[in-house]
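Where does the ligand lie, and which parts of the chain surround it? The paragraphs below start at the ligand and then turn to the chain.

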Amino acid sequence: MMLRQRFKNKHILITGAARGIGFEIARQFCEESATLSLLDSNQENLALAVKKLAISDAGVYSYNVDITNRESVIDVINKADNIQPIDILINNAGIAMETPFLNIEVSEWKRIIDVNLNGMFYVSQTVCKLMASRKKGVVINMASKNGLDGEFGYAHYNSSKGGVIMLTKTMALELAHLGIRVNAVCPGYIQTPMSMEIDSPEFTSDFVNRYIPMNRPGKVEEIAPVFLFLASEESSFITGQVIIADGGQLAGQKPRSEFLYK
Ligand SMILES: NC(=O)c1ccc[n+]([C@@H]2O[C@H](COP(=O)([O-])OP(=O)(O)OC[C@H]3O[C@@H](n4cnc5c(N)ncnc54)[C@H](O)[C@@H]3O)[C@@H](O)[C@H]2O)c1
């Protein structure tokens with residue numbers, strides 16, 4: 001099969017790239033010969049990710065950084081941009097915790113908002129200043145189905161992802177005339193190390209049966225191509241949009257089993 005080369009000579013910076021959806025996005029960009037800068041707070045997983053990607057001929061650089069540390073973020077982004085100007089930013093890093101609203105400690109609330117929203121702001125503002133000076137760039141923000149539709153037990157997470165959606169739209173409005181497109185992706189329930197750490201297999205199976213019309217969780221391989229599409233020239237007139245990939249969950253209420261066609 002002839003591989004596409006949409007990102008040859010493009011430099012892509014991806015946060016939270018050491019595992020899960022972020023790693024799969026990196027892997028798919030790698031297959032299309034992009035130069036990659038991977039940012040992650042987990043040193044061990046980051047080293048493993050770089051090793052796995054080393055089979056490609058693409059340049060892969062890694063930066064062990066917590067995106068909530070603004071000074072470090074500015075430092076590594078400038079280093080990465082000096083190696084090769086950043087063309088595409090994928091803001092994927094995020095964390096989730098399940099806690100009932102009345103039990104959420106202030107420290108837990110602040111950490112979720114800090115990683116999912118403040119960190120995204122630090123990274124985006126730093127990268128977009130560089131992109132603005134060159135009058136071109138693409139940013140894709142990881143939101144979630146939970147940023148559009150609430151889920152019990154996730155008041156802080158839902159709030160952070162709702163914030164990501166409004167950040168995306170405002171950035172798109174302000175940066176369009178500078179040649180920078182900004183969009184968001186809202187995955188539904190995806191099987192990743194994060195979701196498997198939070199949910200038992202029994203929970204996942206019950207959740208899927210109740211809520212997901214396609215009757216299964218999504219795979220990372222099905223989410224990464226949405227990012228690649230939004231990063232590519234194929235989406236050159238799309239900005240300020242929120243693309244949902246959720247197996248039909250947000251389409252409405254799933255039919256009862258006795259209603260389904262045999
Ligand atoms: N898994 C799902 O069902 C799902 C659904 C919708 C949205 N998302 C979003 O997708 C993104 C990736 O999720 P995932 O399921 O692949 O998670 P994951 O935990 O498997 O991977 C997240 C990566 O981000 C890194 N990270 C976390 N905090 C960081 C920080 N402060 N600085 C730098 N790196 C940091 C982690 O080390 C990890 O490598 C998150 O933003 C998540 O909210 C996930």
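In this predicted model, a backbone N or O atom of Ile21 lies 2.8 Å from an oxygen atom of the ligand, a polar contact being a pair of N or O atoms within 3.5 Å. A polar side-chain atom of Thr192 lies 2.5 Å from a ligand oxygen atom, and for a backbone N or O atom of Gly188 the distance to an oxygen atom of the ligand is 3.5 Å. On its own the ligand has 830 Å² of accessible area, and the protein covers 94% of that (Shrake-Rupley method, 1.4 Å probe).

Local features need pLDDT of at least 70, side-chain atom pairs count only at pLDDT 80 or more, and totals for chains, interfaces and linings use all residues. Residues are numbered from 1 along each chain as its sequence is written, and side-chain values use heavy atoms, with hydrogens and water left out.

Around the ligand there are 29 residues (a heavy atom within 4 Å), of which Arg19, Asp40, Asn92, Tyr157 and Thr192 come nearest. Two or more residues of this shell come from each of helix H1 (20–31), helix H4 (106–134), helix H5 (155–175) and helix H6 (193–198).

The chain as a whole has 8 helices and 7 strands (DSSP runs, H or I of at least four residues and E of at least two, numbered from the N terminus). Its radius of gyration, taken over C-alpha atoms, is 18 Å, close to the 18 Å from the globule rule (2.2 Å times the number of residues to the power 0.38) for 262 residues, so the chain is as compact as a globular protein of that length.

How values were computed: Polar contact = N/O pair within 3.5 Å; in protein donor to acceptor, adjacent residues only side chain to side chain.
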